[in-house]
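Me: I'd like to go through the charged pairs and the strands here. Can you walk me through them?

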Amino acid sequence: MYAIIETGGKQYRVAEGDLVTVEKLDADQGSTLDIPRVLMLADGDSVQVGKPYLDGAKVTAEVAAHGKHDKVRIVKFKRRKHHLKRQGHRQLFTQLKITSISNG
């Protein structure tokens, strides 16, 4: 059984026991949270697709960790203009462990 969920403006395919890295969520490490935005549920041959979300379906996950991705370096350069700008960015993330998928 697996589900397609939406969080942080992105879609993820999850199954029970998976570790998923998503955009930063405001939740404490070790806490559980429900994700009600389930787009699709698949269990063997039966597939349910929402319009856009499935009513009553939810995915329960436990917050495993918080962290930062690797640094992305941004360089803006204009030749012959004495212009060079450097910038870096590290995106925050939350790692979720999927504990259960319910159809409701």
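**Salt bridges and sheet**

Reply: In this predicted model, E6 and R37 form a salt bridge, with their closest N and O atoms 3.9 Å apart.

Me: What parts does that pair tie together?

Reply: E6 lies in strand β1 (residues 2-7) and R37 in the loop between β4 (32-35) and β5, so the salt bridge ties together parts that are 31 residues apart in sequence.

Me: And is E6 buried or exposed?

Reply: E6 counts as buried because its relative accessibility is 18%, and the cut-off for buried is under 20%; R37, at 42%, counts as partly exposed.

Me: How many salt bridges are there by this rule?

Reply: The count comes to four, and among them is the one between K10 and E23, whose side chains meet at 2.8 Å, N to O. That pair links distant parts of the chain, with K10 in strand β2 and E23 in strand β3 (residues 19-23), 13 residues apart.

Me: What about D26, which residue does it form a salt bridge with?

Reply: D26 forms a salt bridge with K24, the closest N and O atoms being 3.2 Å apart; D26 is exposed, with a relative accessible area of 76%, whereas K24 counts as partly exposed at 45%.

Me: Switching to the sheet, what order do the strands have?

Reply: The sheet is open and has four strands in the order β2-β1-β5-β6, with antiparallel pairing. Its edge strands, which each pair on one side only, are β2 (10-15) and β6 (46-49).

Me: Over how many bridges do β5 and β6 pair?

Reply: Strand β5 (residues 38-43) pairs with β6 over four bridges in the antiparallel sense, and the bridge partner of L41 in β6 is Q48.

Methods
Residues numbered from 1 in each chain as written. Predicted model: local features only at pLDDT ≥ 70, side-chain atom pairs only at ≥ 80, totals over all residues. Heavy atoms only, no water. Pairing = 2+ DSSP bridges. Helix = DSSP H or I, 4+ residues; strand = E, 2+ residues; numbered from the N terminus. Buried < 20%, exposed > 50% of the residue type's maximum accessible area, 1.4 Å probe, protein only.
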